[in-house]
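Q: Please take a close look at one part of this protein. I would like to know where it sits, what covers it and what lies around it.
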Amino acid sequence: MNDIVLLNDFSPAIADGDFVVAECLNQEVACLLQASKGHFRQHPGLGVGLPEHLLDEQTEPLRREIGLQLRRIGLRMFTLFINNGNILLKAERSTP
């Protein structure tokens, strides 16, 4: 899905006086992982809140939450590795 491209500071990318629009799957996943529940006004239950899980010793609750939240936005998770604070996540859009 195409969307407005965000820079690393979450400001919109602008070129030639207009927003840059492109495929943003990785950006969408990154925003979902970083956002806590309540950050999206229209969908208050959406968000993983990754910073809140950084010191957790158990990774299974985080795995479940990531899978649940990805499904809520229509994505399917293929790979999820969590090791020493590093996360490798591969997902794609679900087909109806």
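A: What follows centres on helix 1, with a short view of the whole chain before it and some loop residues after it.

The model is predicted. The protein holds three helices and six strands. Reading from the N terminus, their order is β-β-β-β-α-α-α-β-β. The C-alpha atoms occupy a box of roughly 45 × 30 × 25 Å along the principal axes. The chain has 96 residues, and 25% of them count as buried. Take the contacts with a separation of 6 or more: 20% of these join residues 24 or more positions apart. The exposed surface comes to about 7000 Å², with 54% of it from carbon and sulfur atoms. As for charge, there are 9 positive and 12 negative groups, and their mean positions lie 9 Å apart.

Now to helix 1, which spans residues 25-34. Its buried residues are Leu25, Gln27, Val29, Leu32 and Leu33. A general point helps in reading that list. An α-helix has 3.6 residues a turn, so residues three or four places apart point the same way.

What covers these buried residues? Several elements share the job. Among the strands are strand 1, strand 4 (21-23), strand 5 (75-83) and strand 6 (86-93). Helix 2 (50-53) and helix 3 (60-72) also belong to the cover.

One residue of helix 3 can be checked against this picture. Gly67 is placed in helix 3. Gly67 counts as buried because its relative accessibility is 6%, and the cut-off is under 20%. Gly67 and Leu32 are 35 residues apart along the chain, yet their C-alpha atoms are separated by 11 Å. Leu32 is one of the buried residues of helix 1.

Helix 1 also borders a pocket. The largest pocket has a volume of about 280 Å³. Two elements give two or more residues to its lining: strand 1 (2-4) and helix 1. Helix 1 contributes the most, with four residues. The whole lining counts 13 residues. Those nearest the centre of the pocket are Asp3, Gln27, Glu28, Cys31 and Phe40. Gln27 thus appears twice: it is buried in helix 1, and it is also among the residues nearest the pocket centre.

Phe40 deserves a second look. Phe40 belongs to the loop between helix 1 and helix 2. At 31% relative accessibility, Phe40 is partly exposed, because that value falls between 20% and 50%. Beyond four places in sequence, Phe40 touches Cys31, Ala35 and Leu46. Cys31 and Phe40 both lie nearest the centre of the largest pocket, along with Asp3, Gln27 and Glu28. Phe40 and His53 are 13 residues apart along the chain, and their C-alpha atoms are separated by 19 Å.

Go next to Gln34, which lies in helix 1. Is Gln34 buried or exposed? Neither label fits: Gln34 is partly exposed, because its relative accessible area is 40%, between the limits of 20% and 50%. Leaving out residues up to four places away in sequence, Gln34 touches Phe10, Gly49, Leu50 and Pro51. Leu50 and Pro51 fall within the span of helix 2 (50-53). The C-alpha atoms of Gln34 and Arg76 are separated by 18 Å, with their positions 42 residues apart along the chain.

Phe10, a contact of Gln34, sits in the loop between strand 1 and strand 2 (14-15). Phe10 is partly exposed, with a relative accessible area of 44%. Its backbone stands out. Most residues other than glycine have a negative phi. Phi of Phe10 is positive, near 70°.

Asp16 is a further case of this kind, with a positive phi of about 55° although it is not a glycine. Asp16 is in the loop between strand 2 and strand 3 (18-19). Asp16 counts as exposed because its relative accessibility is 86%, and the cut-off is over 50%.

One last loop residue comes just ahead of helix 3 (60-72). Thr59 is in the loop between helix 2 and helix 3. Its relative accessible area is 29%, and Thr59 is partly exposed. The C-alpha atoms of Thr59 and Ala91 are separated by 18 Å, and the two residues are 32 apart along the chain.

To sum up helix 1: five of its residues, Leu25, Gln27, Val29, Leu32 and Leu33, are buried. Strands and helices cover them. Four of its residues line the largest pocket. Gln34 is partly exposed.

How values were computed: Residues numbered from 1 in each chain as written. Predicted model: local features only at pLDDT ≥ 70, side-chain atom pairs only at ≥ 80, totals over all residues. Heavy atoms only, no water. Buried < 20%, exposed > 50% of the residue type's maximum accessible area, 1.4 Å probe, protein only. Contact = heavy atoms within 4.5 Å. Areas by Shrake-Rupley, 256 points an atom, 1.4 Å probe, with all protein chains shown as cover. Lys, Arg positive; Asp, Glu negative; His and termini not counted. Charge placed at Lys NZ, Arg CZ, Asp CG, Glu CD. 1 Å grid on protein atoms, 1.4 Å probe; cavity = no way out; pocket = protein on both sides within 12 Å on 5 of 7 lines; lining within 4 Å. Points joined across faces, edges and corners; volume = space filled by probe spheres on them.
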